[in-house]
Amino acid sequence: MQPMTSDAVIAEVRTRTRRGRVGSCPFCHRELPLTFHHLIPKKLHRRTRFRKQFSREELNRGIDICRQCHDGIHDRYDEMTLYRDFDEPSKLAADPALARYFEWVARQKVR
Ligand SMILES: [Zn+2]
Ligand SMILES: [Zn+2]
């Protein structure tokens, strides 16, 4: 695990335990049901290389975020890019394109 940087822990990283939890999305800060985003994208888990390299716990590290922010992340970046460049929530928040998107999501009404 990486040391924490000064610019804020913006989301709690955990291994998946709960489903359909309602809470505050760390990116858009709206209160709504949250979905689980794997920091090592799920599609990569079945590859031998990943199964050898990471424990089940590491593979299942992730964050609770809302569906809309979640879709925006996967619309913009493919699995390999997410794995390489966005394996910590702070990196997702620091990406200019995503930051703009999250700001837009924050202004949307919860449906
Ligand atoms: Zn959100
Ligand atoms: Zn995801």
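Is the crossing of H3 and H6 left-handed or right-handed? To get to that pair of helices, let us walk in from the chain as a whole, keeping in mind that this is a predicted model.

The chain holds 6 helices and 4 strands. If you follow the elements from the N terminus, you will meet them in the order β-β-β-α-α-β-α-α-α-α. Of the 111 residues in the chain, 24% are buried. Take the contacts in the chain with a separation of 6 or more: residues 24 or more positions apart account for 71% of them.

Now turn to the two helices of our opening question. Helix H3 spans residues 67-76 and helix H6 spans residues 96-106, and the two pack with their axes 10 Å apart, at an angle of about 150°. Angles over 145 degrees count as roughly antiparallel, so H3 is roughly antiparallel to H6. As for the handedness, the crossing of H3 and H6 is right-handed. On the H3 side, the contact is made by Gln68, Cys69, Gly72, Ile73 and Arg76, and these meet Ala97, Leu98, Tyr101, Phe102 and Val105 of H6. Sorted by class, the contact of H3 with H6 comprises 7 nonpolar, 2 polar and 1 charged residues.

Let us look at each partner in turn, beginning with H3. Three residues of H3, namely Gln68, Cys69 and Gly72, are buried. Looking down the axis of H3, you will find these buried residues within an arc of 100°, so they line one face of the helix. What lies over them? The cover on the buried residues of H3 includes H6 and also strand S4, residues 61-66. Gln68, Cys69 and Gly72 also appear among the H3 residues that make the contact with H6.

H6 can be read in a similar way. Which of its residues are buried? In H6 they are Leu98, Tyr101, Phe102 and Val105. Around the axis they cover an arc of only 100°, which puts them on the same side of H6. These buried residues pack against H3 and against helix H5, residues 89-94. Leu98, Tyr101, Phe102 and Val105 are also among the H6 residues in the contact with H3. If you now turn H6 around, the face pointing away from its buried side carries the exposed residues Pro96, Arg100, Glu103 and Trp104.

Put together, the view is of two helices that are roughly antiparallel and cross in a right-handed sense. S4 helps to cover the buried residues of H3, while H5 packs against those of H6.

Definitions and conventions
Residues numbered from 1 in each chain as written. Chains lettered and ligands numbered in written order. Predicted model: local features only at pLDDT ≥ 70, side-chain atom pairs only at ≥ 80, totals over all residues. Axes fitted to C-alpha atoms, helices over the stretch in contact; angles between N-to-C directions. Parallel < 35°, antiparallel > 145°, perpendicular 65-115°, else oblique. Left-handed = near helix turned anticlockwise from the far one by under 90°. Contact = placed C-beta atoms within 7 Å. Nonpolar A, V, L, I, M, F, W, Y, C, P; charged D, E, K, R; others polar. Buried ≥ 20, exposed ≤ 12 C-beta atoms within 10 Å, placed from the backbone. Arc of directions from axis to C-beta.
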